[in-house]
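Subject: Structure handover and notes

Dear colleague,

I am passing on the structure we spoke of, and I would be glad if you could keep it open while you read. My notes on it come after the model.

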Amino acid sequence: MARQKLTGIYIPVVTPFNEDESINFAAIDEVAKFLAENGVDGIIPSGSTGEMIAMTKEEQMAVNKAYIQAGHKYGIKVVASTGAYRTGDVIEMSKAAEADGADGVMVVTPWYITPNEEEAYDHYKAIRAELSIPLILYHNPYLTGCWLSEKLIARLYNDGIIDAIKDSAHDIYRHQNMRALCKDDGFSIFYGYDNLPAEALTMYADGWITGVGTLFPAETVHVYDLCKAGKPLEARDYIMTVCRKYMHFFNEPTQEGLPSPWLAIIKEGLTMRGIPIGLPRRPIHPLPDSVRAELTAVMRAFGYYKLG
């Protein structure tokens, strides 16, 4: 039986933590409800925004299960991120996600000691052999150090191994090339970055997976809807007049010259929106005061600030 093609807006959700860094499972329901009410098609727990690298395997599986239940409660799909370095760990978490009712899994490439393309092929082939639900390959070479060519990605799809890609490389030409190399239009391409969604969605991408959408979901959905309605100029104008009011938080360094504290921005921003989900796990710091003050001002301007 053919697996369902995934499309639309999928949000890589945060993992809520208590002050002692234990998982706040009660807040998971609030996050899922908030995103469903803002029109997203699905959520992806335990990804980069979900701090998968700060969690144990057992925690990932528990968070995935809790989000699967919450997402389905509110009528949205849940693709569980089951990435790990070891192939065996990915298989174990992916099988658990399927048993818990996930609509698919997303698996980032192995990192640090990066596999070559034949090793990467065998990694995903072994995962597919144990699953019947859709498999999204998460390609984020800037964080993992693992670059996969469009030819290999098309080969993985054409051989029936993967069903989709979240491509966080910044080159939209890759989308065109993958589309040309794949045997049919069943392959789902998800734009996996934040800066050029209209350019991607009006051409070759079937959807958008964006951490920024966790904090600004309605705006993210609106950009997608305009693009898929054949209104690229309206999408462009909306991005320029609305989205760019907050996009600089995720692209520019702080006043102190440090890289964007994007994860803390998303987590503290959600708390400002009335969904207290705690801070990132260490070693990531809370927001610098300068960023917090500016984020507060933007949240107030959008009418989203709920802390008084």
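What follows is a walk through the aromatic pairs, the nonpolar cores, one helix, three loop residues and the cysteines. Please keep in mind throughout that this is a predicted model.

Let me begin with the aromatic rings, since the structure holds eight aromatic pairs. One of them is formed by Y10 and F190, whose rings meet edge-to-face, with 5.7 Å from centre to centre and 85 degrees between the planes. Because Y10 belongs to strand β1 (residues 8–12) and F190 to strand β7 (residues 188–191), this pair ties together parts that are 180 residues apart in sequence. Both Y10 and F190 are buried. Another of the pairs, F302 with Y304, is stacked instead, at 5.6 Å centre to centre and with 25 degrees between the planes. These two rings are also members of one aromatic cluster, which is formed by F216, Y246, F302 and Y304. Y304 itself is buried, at a relative accessible area of 16%, and R273 lies over the face of its ring, 3.5 Å from the ring centre. A similar arrangement can be found at Y121, where the charged end of R155 sits over the ring at 3.8 Å from its centre.

Turning to the nonpolar cores, the largest has 92 residues, and the members that touch the most others are I43, Y124, I162, F187 and Y246. If you select I43 and set aside residues up to four places away in sequence, you will find that it touches Y10, I11, V13, A32, L35, Y67, G71, I76, K77, V78 and V79. There is also a second, separate core of twelve residues, among them L6, V79, V108 and I136. As general background, nonpolar side chains tend to be buried together in soluble globular proteins.

Helix α6 may be worth a look of its own. Within its residues 150–158, the buried ones are E150, L152, I153, A154, L156 and Y157, and the elements that cover them include α4 (117–128), β5 (135–139), β6 (164–167) and α7 (173–181). Just after this helix, G160 takes a positive phi of about 80 degrees.

Three residues in loops come next, and I take them in the order of the sequence. S46 lies between β2 (42–44) and α2 (57–73), and it is buried, with a relative accessible area of 0%. Its side chain is joined to that of N64 by a polar contact of 3.0 Å, and, leaving aside neighbours within four places in sequence, S46 is in contact with M52, M55, Q60, V63, N64 and S81.

Y85, in the loop between β3 (77–81) and α3 (87–99), is partly exposed, with a relative accessible area of 35%. The side chain of Y85 reaches the backbone oxygen of I113 at 2.8 Å, and beyond its neighbours within four places in sequence Y85 is in contact with P110, W111, I113 and H123. To give you a sense of scale, Y85 and M272 are 187 residues apart in sequence and 34 Å apart in space, taken from C-alpha to C-alpha.

T210 is found in the loop between β8 (207–209) and α9 (212–215), and at 1% relative accessibility it counts as buried. A polar atom of the T210 side chain lies 3.2 Å from the backbone nitrogen of V212. Not counting residues up to four places away in sequence, T210 touches Y10, I11, P12, Y193, D194 and T220, and Y10 is also the residue that pairs with F190.

Finally, a word on the cysteines: how many disulfides does the count come to? The count comes to zero disulfides, where the rule asks for two cysteine sulfur atoms within 2.5 Å. The sulfur of C182 is 18 Å from the closest cysteine sulfur, which belongs to C146, and that is too far for a bond. For C227 the closest cysteine sulfur is in C243, at 10 Å, which is again too far for a bond. Both residues lie inside by the accessibility figures, as C182 is buried with a relative accessible area of 8% and C227 is buried with a relative accessible area of 6%.

With best wishes

Terms used. Residues numbered from 1 in each chain as written. Predicted model: local features only at pLDDT ≥ 70, side-chain atom pairs only at ≥ 80, totals over all residues. Heavy atoms only, no water. Phe/Tyr/Trp six-rings, centres within 6.5 Å; stacked < 30°, edge-to-face > 60°. Helix = DSSP H or I, 4+ residues; strand = E, 2+ residues; numbered from the N terminus. Buried < 20%, exposed > 50% of the residue type's maximum accessible area, 1.4 Å probe, protein only. Lys NZ or Arg CZ within 6 Å of the ring centre and 35° of its normal. Polar contact = N/O pair within 3.5 Å; in protein donor to acceptor, adjacent residues only side chain to side chain. Contact = heavy atoms within 4.5 Å. Core = buried A, V, L, I, M, F, W, Y, C linked by side-chain atoms within 4.5 Å.
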